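Biologist: Hello! Could you walk me through this structure and tell me what stands behind the words you use for it?

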Amino acid sequence: MRELAEAPGLSSAYTPQRSQSACLETFMQDEKKYWFPAKRYGWGWGFPTTWQGVLVFVAYAAALAFGTQWLVRDHQSGLFLLYAAALTALLMLVCWLKGEPPRWRSGGGD
């Protein structure tokens, strides 16, 4: 068994000396974790599943609320629409970079 573990091309994650938990940690680190999963139906992303995604979403909502208080109160609705569009474009960019690749989905296991 030791010869198999030292064979070239085999990862050290599969050596008998490593525990199962160490192997699982190595596997989990190699797996890409998306901040925003794809929606089950349609195109786009769902609610964030990691703390980083939740932080981005909360920051977006807070910035939008701040803009509402700041711009709408001063009757600058045109400027608020540009502000909201810029924030939404920024959120979509983060979703595109850190989310699951989007494609049309119709539910189930497609």
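Modeller: Gladly. This is a predicted model, and of the 110 residues of its chain, 24% count as buried.

Biologist: What makes a residue count as buried here?

Modeller: A residue is called buried when its relative accessible area is under 20%, and exposed when that value is over 50%. In helix α4, Phe80, Ala84, Leu87, Leu91 and Cys95 are the buried residues, so each of them falls under the 20% cut-off.

Biologist: How do you know that they sit on the same side of α4?

Modeller: Around the axis, these buried residues cover an arc of only 85°, which puts them on the same side of the helix. Leu82, Leu90, Trp96 and Leu97 are exposed on the other side of α4.

Biologist: What do the buried residues of α4 pack against?

Modeller: Their partner is α3, residues 51-72.

Biologist: How do you know that the length of α4 agrees with its number of residues?

Modeller: Helix α4 has 22 residues, 77-98, and at 1.5 Å a residue they should span 32 Å. The end C-alpha atoms lie 31 Å apart, which agrees with that expected span.

Biologist: And which elements make up the chain, in what order?

Modeller: There are four helices and two strands, running α-α-β-α-α-β from the N terminus on.

Biologist: How much of the exposed area do carbon and sulfur atoms supply?

Modeller: The chain exposes about 8400 Å², and carbon and sulfur atoms supply 65% of it.

Conventions: Residues are numbered from 1 along each chain as its sequence is written. This is a predicted model: local features need pLDDT of at least 70, side-chain atom pairs count only at pLDDT 80 or more; totals for chains, interfaces and linings use all residues. Side-chain values use heavy atoms; hydrogens and water are left out. The expected span of a helix is 1.5 Å times one less than its number of residues. Buried means under 20% relative accessible area, exposed over 50%, partly exposed in between (1.4 Å probe, protein chains only). The arc is that of the directions from the helix axis to the C-beta atoms. Contact means heavy atoms within 4.5 Å. Accessible areas come from the Shrake-Rupley method with a 1.4 Å probe; for residues, only the protein chains shown count as cover.
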